[in-house]
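Biologist: I should like to learn how to read the packing, the sheets and the symmetry of a model. Could we take the features in turn?

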Number of protein chains: 2
Amino acid sequence: MTAIKITLPDGSAREYKKGITAGEVAFSIGRRLGEDALIAKINGKMKDLFIPINEDSALQIITYKNKEGIDVFRHSTAHLLAHAVVELFPDAKPTIGPAIEDGFYYDFGISHNFTPEDLEKIGQRMQEIAEKNHKVERMELSESEAKSIFRGNKYKIEMIEELQRESQPISAYRQGDFTDLCRGPHLPSTGKLKAFKLTKTSAAYWRGDSKNDQLQRIYGITFPEKGMLDAHLKSAEEAEKRDHRKLGKELEWFNFFEESPGAPFFYPKGAIIYNELLKFLREEYKKRGYNEVITPLLYEKSLWETSGHWQHYKENMFVIEIEGKEFSLKPMNCPSHILIYKSKTRSYKDLPLRIADFAPLHRNELSGVLAGLTRVRKMSQDDAHIFIAPEQIEDEIFKVLEFTNYIYKEVFDFEFEVELSTRPEKFMGSMEDWNKAEDSLKKALEKKGMGYKIKDGEGAFYGPKIDFHIKDAIGRRWQLATIQLDSQLPQRFDATYIGADNTKHNVVMIHRALLGSLERFIGILVEHYAGKLPLWLAPVQIKILTVADRFEKYADGIKKKIEKNGLRVEIDARTESVGYKVREAQANKIPLILTVGEKEENNGTVAVRTSDNKVYFDVKAGELLKKILENVEGKKVRFEI
Amino acid sequence: MTAIKITLPDGSAREYKKGITAGEVAFSIGRRLGEDALIAKINGKMKDLFIPINEDSALQIITYKNKEGIDVFRHSTAHLLAHAVVELFPDAKPTIGPAIEDGFYYDFGISHNFTPEDLEKIGQRMQEIAEKNHKVERMELSESEAKSIFRGNKYKIEMIEELQRESQPISAYRQGDFTDLCRGPHLPSTGKLKAFKLTKTSAAYWRGDSKNDQLQRIYGITFPEKGMLDAHLKSAEEAEKRDHRKLGKELEWFNFFEESPGAPFFYPKGAIIYNELLKFLREEYKKRGYNEVITPLLYEKSLWETSGHWQHYKENMFVIEIEGKEFSLKPMNCPSHILIYKSKTRSYKDLPLRIADFAPLHRNELSGVLAGLTRVRKMSQDDAHIFIAPEQIEDEIFKVLEFTNYIYKEVFDFEFEVELSTRPEKFMGSMEDWNKAEDSLKKALEKKGMGYKIKDGEGAFYGPKIDFHIKDAIGRRWQLATIQLDSQLPQRFDATYIGADNTKHNVVMIHRALLGSLERFIGILVEHYAGKLPLWLAPVQIKILTVADRFEKYADGIKKKIEKNGLRVEIDARTESVGYKVREAQANKIPLILTVGEKEENNGTVAVRTSDNKVYFDVKAGELLKKILENVEGKKVRFEI
């Protein structure tokens, strides 16, 4: 009996007898780790916990906390699914069943289309198999052994022949009576799987090719604890309720048509939201010294060659031929702004020069990845390029951080996180300039008192950047603002300024978009607020409901006074019950619902219901208007009296 | 001697002896007509005045008042030019010399490039030849006669052979020693030409094809009286001073780059003008019940097939292939708005539904015809489509006329003319519907008290329309608003509404743009006002000049007060003379120039200079601000105290 040395991630080493398994090592370190262990990383390779270790090795126990652990957990649940399916549908031919973004799926060759009732039954059978706590075993097979095990399943036979052709090992995993061709690794037993749910079915094609056999796909999600599954289901339900595509359509704010994939139609109410955001940004631009420009959308190839987009980004651009020359719809504004910058000689006295633009941008996203407002082909960014001298970096970045903080914290009351991405391995420019630039960014962040994480080496090759991620009301993270320093693009265009020393210098650019794209931002806002937008942004801000039609005149007088102040107000004077009218206004996400009846008319008051469903009775109409104007003027998120 | 009968346009007939010429008839009617006569229309054909008339004929004397008269006048001046050129440059080979839009040109085969001095000399020689008052003669020639006359001029030989091939008569015109191959007709003598000017030279190609010989072209203008030439030159000079391309660049309002032909870049100051126009329109839209939408720019071919654009307008659209399908950048908004209209069931209660859109439109204009802001490839229209029931035509058209009148007359103080174009020969829909529709348009025009001309048969095949033409400050006419009735496009898309009778009806559409395109409108405004925009539209509205730097603080106080009211104001506190600073501010077309010095500071006043160059001294600052706000609020064209 020989001893071997196992080195753990913290650098400590222990001796074990040869042939020990990673699972046993985990228990030897602690019971909790033993129970949480899913697979093991042995000398850099992912292995099953139950494989004997026969030599000195570096070992890391992988749990659900690791990305690799989550993937294996999901993949083992896919095996469990296939196990249940072949028991219930003996004709089904398992093909492949990978872990995906938020769960797993398994594709089956079967003439039957799975029904919701089937999913119910399959899920129960999975539960039963899991509870039997079958041991999972790995088998290494010859081609003929494998073909014998999987005879009758042409998909597996095809895969076996492919592995053979590519001289790859052929392995399979067995749990109880079920064996699946698989590279592994897997969980050591089915008992580890406790909290899963099959979510939907769809058609699929063998190897994703519509010329091949059609298959039936089952999707599912899985978690190590029931509590996690429940939380996920609840948040998915909440996310579905808030889904901006659903709300946008229901509320008639925006919609999509197949004639223009990935390009939203903002209906009148949605266009109000869009234009209010633009108005807000323009007011801020005026205060903060930004200059808006209006620019063309189509540019000749030569411009994109100079900028480098033709070489590195062409597949994302829509290309048009005009009179024998190639043009492209612009995917970003930078080159347009450099043309404007270069249209005259610039002096250091002109800097910082802040050029803002809301031009529609087009990016050639595949139709398969388009998703509502958050992944589109057409959008407008709240884009600006700031041209500065290198010594202005810190000051100007500070101003941009200040602007971002104002929007995120003061206006939208978002929680957010900040990341600073620094010099990558491959970079352009001098080390000294990089150090100075990163230093300026850090100083600006610290001066603003903004906590930040450093993403080491994750900057672009042409400069460091600062990213902002907000956390929405149901805890999802969205990347929004990016502030990118760039000294390379100005050099490609030879964009310079005359310094105080009367000689030419290379100008530095800041690319920055604070909302990101207006389309995406609106999508996120709708989900964050579940449609209940702040008063200043809501398409209809106020709805006045009459208790009976004889109060319509009184309601109308109030409406006129409110309207005169530029607010968006409607009356509902239908002869429906107040309760019905309130529910409808709430369904339409109206921030302020005013009710007027006899008492109100006599007292010159209204009853007010806010989107938080707080009710204030007998509020003087003039008093309310003052509060409303203060709220709108101050761009408050909530309305209180 | 036989008598013949000549019938005149008024129907009267006179007898003349056979062989009389049209020129003689003209003199017999009146001396003035005789002198003004240029050519004659005999039995519907244009003929020389000096051709004998040998049979009963209908005769119209053509003078400079007729389009045909102007063309012949110009064409005869082109012959005069060629006459002078061959005298001065015996090597020059005349090719062709037509009348064009605003004058004439002649192309010569010659190795020499004409200089401005050459033009001077040629013009003088033309004057001398004209004064000799050579009689002009027409000759009908055989091919060999013609070839003999034009031997040595390969271009004329080529033309002679072509005429022969096409069995067309070969004719030439002689004046003094100079003979030109020409179909005619021509003026009877060179003495009729008195007031002409050669304007420029350029290169050209034989038959306009760059593969052929290069030729030298000389352009000129010509008028029957010196006064008309002088007036034209003066107005051309005025037009050049006002040229929006020149002013746009000088004032840094907008510019063009070769990377994006036909698509303007609005610089910060130009973008202010653009956005102020948008703001103005949006305010009006709110008052007038229009709903703005924001729509995609790229649409799949099938949409354009339904609308008919693919069949009839494809060459004007920019086409892009995406994932194997053809898309086009929209050249107009109508189909987008029909998609929105059709996105839900519409009731008669929803009508009129007014959908407005400022989406950028793209039209594939040839690069050769692009001209500043007035002929572009990218533009935004102040476009709206109004969906109505047929019985709402008159009311809604009246509202649109009211809106147009408000913009043209109240806001911009334009003189304008209105034209109603009626049913063309080929039309769709029933005669009855057409009559009703035309009647409704007339009633609306009459109700609004708008005088109009009828353009008989010039409506589109799908409906009648109303056009507006404004007259600018130097007398040029520009077509702007179009109000087009259309019942065909809604039918192509099957766009309907549920009537009060609970059954489906076809909806009618009004296409209307009042400014036309914002780009073109801005171009016209700049030329109309020679850059001196009304106060509310000017990018910088007010400039405060200090008499000496010690008054900067006082100036700054005033600036802050003005700025707080959302106005655009700058200070010029440089240590330059006031005269210099005033001239610079005027060159920058600043509507209000305020000067502050000791007296003003002591009295709390300013001196005000308006764009009309009126000066008001010692105006109380508060009083001025009130006037300014009234002026901006009221969108006045002029500023007065």
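The dialogue below takes up symmetry, helix packing, sheets and backbone geometry.

Modeller: A word on conventions comes before the features. This is a predicted model, in which local features need pLDDT of at least 70 and side-chain atom pairs count only at pLDDT 80 or more, while totals for chains, interfaces and linings use all residues. Residues are numbered from 1 along each chain as its sequence is written, chains are lettered from A and ligands numbered from 1 in the order in which they are written, and side-chain values use heavy atoms, with hydrogens and water left out.

Biologist: By what turn and what shift can chain A be laid on chain B?

Modeller: Copies are superposed by least squares on the C-alpha atoms of residues with pLDDT of at least 70 in both. Here a turn of 180 degrees with a shift of 0.2 Å along the axis lays chain A on chain B, at an RMSD of 0.4 Å. That is the relation of a two-fold axis. The same surface serves both copies, since 100% of the contact residues of chain A recur in chain B; contact means heavy atoms within 4.5 Å.

Biologist: Which residue of chain A comes closest to the rotation axis?

Modeller: A:Ile320 does, with its C-alpha at 2.8 Å.

Biologist: How does one describe a pair of packed helices?

Modeller: Two packed helices are described by the angle between their axes and the distance between the axes. Axes are lines fitted to C-alpha atoms, for helices over the stretch in contact, and angles run from 0 to 180 degrees between N-to-C directions. Helices (H or I, at least four residues) and strands (E, at least two) are DSSP runs, numbered from the N terminus. In chain A, helix α9 (residues 268-288) packs against helix α16 (residues 518-528) at about 110 degrees, and their axes are 11 Å apart.

Biologist: How are α9(A) and α16(A) placed relative to each other, and what is the hand of their crossing?

Modeller: α9(A) and α16(A) are roughly perpendicular to each other. Angles under 35 degrees count as roughly parallel, over 145 as roughly antiparallel, 65 to 115 as roughly perpendicular and the rest as oblique. Their crossing is right-handed; a crossing is left-handed if the near helix is turned anticlockwise from the far one by less than a right angle, and right-handed if clockwise.

Biologist: Which residues meet in the contact of α9(A) with α16(A)?

Modeller: From α9(A), A:Ile273, A:Tyr274, A:Leu277, A:Leu278 and A:Leu281 meet A:Leu518, A:Glu519, A:Phe521 and A:Ile522 of α16(A). By class, this contact has eight nonpolar, no polar and one charged residues. Ala, Val, Leu, Ile, Met, Phe, Trp, Tyr, Cys and Pro count as nonpolar, Asp, Glu, Lys and Arg as charged, and the others, Gly among them, as polar.

Biologist: At what angle do α9 and α16 of chain B cross?

Modeller: In chain B, the axes of α9 and α16 come within 11 Å and cross at roughly 110 degrees. The crossing of α9(B) and α16(B) is right-handed.

Biologist: What should one look for in a sheet?

Modeller: Strands of a sheet pair through backbone hydrogen bonds, either parallel or antiparallel. Two strands pair if DSSP finds at least two bridges between them. In chain A, five strands form an open sheet of mixed pairing, in the order β2-β1-β7-β4-β5. Its edge strands are β2 (13-17) and β5 (45-47), each of which pairs on one side only. From one strand to the next, the twist averages 40 degrees. Strand β1 (residues 3-7) of chain A runs antiparallel to β2(A), joined by five bridges, and A:Lys5 stands opposite A:Glu15 in β2(A). Helix α1 (residues 22-29) of chain A packs on this sheet, where α1 touches β2, β4 (39-42) and β7 (57-62), and its direction makes about 125 degrees with that of β2(A).

Biologist: Where in chain B is there an open sheet of three strands?

Modeller: That sheet has the order β11-β12-β13 in chain B, with antiparallel pairing. Strands β11 (136-141) and β13 of chain B stand at the edges, each with a single partner strand, so one side of each is left without a neighbour in the sheet. The twist averages 25 degrees from one strand to the next. Strand β12 (residues 170-175) of chain B pairs with β13(B) over four bridges, and B:Arg174 has B:Thr179 as its bridge partner. Helix α3 (residues 67-88) of chain B packs on the sheet, touching β12 and β13, and its direction makes about 125 degrees with that of β13(B).

Biologist: Which peptide bond of chain A is cis?

Modeller: The bond from A:Gly184 to A:Pro185 is cis, with omega near -5 degrees. A:Pro185 is found in the loop between β13 (178-181) and β14 (195-205) of chain A. As for phi, A:Glu323 has a value near 45 degrees, which is positive in a residue other than glycine.
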